[in-house]
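Reader: I have a model open on my screen and would like to learn how to read it. Could you walk me through some features with me?

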Amino acid sequence: MREVQQHVVVVGAGIAGLAAAHRLQQHGARVTVLEAAERVGGKLLPGEIAGARVDLGAESMLARRPEAVALAREVGLAGRLQPPATATASIWTRGALRPMPKGHVMGVPGTAAALSGVLADEGLARIERDAELPRTEVGDDVAVGEYVAARLGREVVDRLVEPLLGGVYAGDAYRISMRSAVPQLFQAARAHTSLTEGVREIQARAAAAQQTGPVFMGLQGGVGTLPLAVAESVRTRGGEILTGTPVTELRRVAPAQPHAVWRVAAGDRVLHADAVVLAVPAPAAARLLRAESPDAAAGLGGVEYASMALVTLAYRRAEAVLPEGSGFLVPPVDGRTIKASTFASRKWGWIADDNPDLVILRTSVGRYGETEILQHDDSRLVEVSRHDLKAATGLDATPVATRVTRWDDGLPQYPVGHHTRVARIREHVAKLPGLAVCGAAYDGVGIPACIASAHAAVDQIHGDLRGVQELTAHPVQSLHGGAGE
């Protein structure tokens with residue numbers, strides 16, 4: 001007798017939901033993906049400005065983990081994978097653009113000399129005291145900024161750790177969990193009295209591993225084309241993807257059965273599924289789980305988000321003279337409005353090749369708890385971006401085109417204790433057969449982390465808990481910290 005094909009509904013068509021659908025098909029399942037928005041891709045968004053193709057969301061993916069690059073290859077994008085044309089960046093602090101230091105882990109140095117030029121002499125001297133200080137206990141978790149400031153002084157946090165973490169989470173280093181956001185440092189803090197000694201050990205291990213190849217990878221045409229290719233692959237293999245179809249209710253039809261059947265209401269459609277993967281932001285997941293798992297919903301309801309905006313600007317090449325490198329980060333302590341700028345035409349060779357007469361830049365504004373700037377209209381965000389760009393680089397030309405992309409509640413925050421919250425959410429979800437959760441709210445906000453989360457969710461549905469257990473114990477660091485550089 002032929003086995004009935006399993007039907008799985010995936011709620012959410014961001015990169016996590018699409019990666020889950022792709023993996024489910026590899027397991028032989030029939031897949032339906034339901035997405036509330038009118039497009040797929042979530043925070044990965046391809047677009048254009050002045051006729052030039054660009055990313056209006058995330059623009060690169062960590063290549064030191066395999067998930068994102070592997071998925072790109074599986075869906076036919078191998079020939080479009082491209083590393084950055086330059087990885088040299090700066091930090092705009094203390095009134096000047098300064099070379100981004102090397103030899104650090106998320107801004108934490110192995111020696112004071114590694115931060116020479118970025119920190120003042122007093123800040124460098126404070127780092128040297130780390131070797132003499134008694135042990136700083138981290139307990140079950142600790143804020144990155146709190147711990148690093150206790151060991152090395154606040155200037156390390158304010159001028160380097162904060163802008164690096166802010167680029168990933170749009171968060172506050174003095175709130176962000178070290179265990180969840182920078183697990184390498186958390187393990188070093190547990191194993192060593194001296195933080196700089198722990199960093200040097202991380203660097204030594206990285207050197208011994210002899211990791212080669214680029215740290216980050218992009219795609220010709222933009223990283224925003226990745227979800228489009230995954231969606232096309234899912235459809236080609238018989239999967240159904242419905243956009244503009246918000247899910248309004250999720251209920252178990254036969255809770256007494258070993259393999260419960262799920263009822264999924266989406267608009268005027270009602271689907272029945274053997275399993276459901278929830279790949280939506282925490283607030284949406286909380287609403288859908290409130291009836292079947294109030295405890296999981298409560299945990300998800302406590303996840304906070306930060307909003308931010310990306311300002312993309314196009315200039316005539318003849319009028320836009322920029323410093324060397326791929327862009328710069330901005331520490332909040334310096335009081336500027338923008339938190340970073342990427343020289344996209346210089347960072348990505350394909351943009352320069354496709355648009356020889358243009359220079360494309362982008363800036364980002366907005367951090368956790370910093371909502372006032374985002375209340376302004378688009379023209380004001382362009383104005384403040386141009387003001388800061390002029391102060392940092394001298395660029396005073398008038399752009400030929402501008403575009404503002406707002407990501408309201410776009411980045412989940414990982415405060416101290418985040419790993420415990422995630423573990424509890426998963427404990428409650430595990431009590432509901434045929435249900436799994438995945439996405440940026442759990443184990444890491446980067447593209448590889450979201451894909452790893454999706455794969456673990458699919459494996460969980462098929463009875464393999466190893467992926468979920470590994471991610472819960474060891475979250476994915478979402479930004480390479482320069483350990484081997």
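Reader: Let me start with a strand: which residue in strand 21 does Met308 stand opposite?

Author: Met308 stands opposite Trp407 in strand 21. Before going on, please note that this is a predicted model, where local features need pLDDT of at least 70, side-chain atom pairs count only at pLDDT 80 or more, and totals for chains, interfaces and linings use all residues. Residues are numbered from 1 along each chain as its sequence is written, and side-chain values use heavy atoms, with hydrogens and water left out.

Reader: What counts as a strand, and when do two strands pair?

Author: Helices (H or I, at least four residues) and strands (E, at least two) are DSSP runs, numbered from the N terminus. Two strands pair if DSSP finds at least two bridges between them. Here, strand 17 (residues 305–316) pairs with strand 21 (residues 401–412) in the antiparallel sense over nine bridges. Strand 17 also pairs with strand 20 (residues 358–365), again antiparallel, over eight bridges. In that second pairing Thr312 stands opposite Arg362.

Reader: How many residues of strand 17 are buried?

Author: Buried means under 20% relative accessible area, exposed means over 50%, and partly exposed is in between (1.4 Å probe, protein chains only). In strand 17, 11 of the 12 residues are buried, so the strand is largely enclosed by the rest of the structure.

Reader: Along strand 3, which side chains point to which face?

Author: The side chains of strand 3 (residues 46–49) alternate. Gly47 and Ile49 point to one face and are buried, while Pro46 and Glu48 point to the other and are not. The partner is strand 4 (residues 52–55), paired in the antiparallel sense over four bridges, and Glu48 stands opposite Arg53 there. The hairpin of these strands has two residues between them, and Ala50 takes a positive phi near 55°.

Reader: What is the strand order in the open sheet of three strands?

Author: The order is 5-11-6, with antiparallel pairing. Strand 5 (61–62) and strand 6 (81–82) are the edge strands, each pairing on one side only. Two bridges join strand 5 to strand 11, and Met61 stands opposite Met217 in strand 11.

Reader: Which residues touch the most other members of the largest nonpolar core?

Author: A nonpolar core is a set of buried Ala, Val, Leu, Ile, Met, Phe, Trp, Tyr and Cys residues joined through side-chain atoms within 4.5 Å. The largest one has 44 residues, and Ile15, Leu24, Met61, Leu226, Val230, Val277 and Ile447 touch the most other members. Among the elements that give two or more residues to this core are helix 1 (15–26), helix 9 (225–236) and helix 16 (447–461). Contact means heavy atoms within 4.5 Å. Leaving aside its neighbours within four places in sequence, Leu24 is in contact with residues including Val8, Val277 and Val458. Apart from this core lies another, of 42 residues, among them Val105, Val148, Phe186 and Val445.

Reader: How is a pair of aromatic rings described?

Author: By the distance of the centres and the angle of the planes. Rings of Phe, Tyr and Trp (its six-membered ring) pair if their centres lie within 6.5 Å; planes under 30 degrees apart count as stacked, over 60 as edge-to-face and the rest as tilted. This structure holds three aromatic pairs. The rings of Trp92 and Phe328 have centres 5.9 Å apart and planes at 80°, so that pair is edge-to-face. Trp92 in strand 7 (residues 90–93) and Phe328 in strand 18 (residues 327–329) are 236 residues apart. Phe328 also forms an edge-to-face pair with Phe343, at 6.1 Å centre to centre and 70° between the planes. Ring pairs thus link Trp92, Phe328 and Phe343 into a cluster. Trp92 counts as buried at 2% relative accessibility, and both Phe328 and Phe343 are buried.

Reader: How many disulfides does the structure hold?

Author: A disulfide is a pair of cysteine sulfur atoms within 2.5 Å, and the structure holds zero. The sulfur of Cys438 is 8.3 Å from the closest cysteine sulfur, in Cys450, too far for a bond. Cys438 counts as buried at 0% relative accessibility, and Cys450 counts as buried at 7%.
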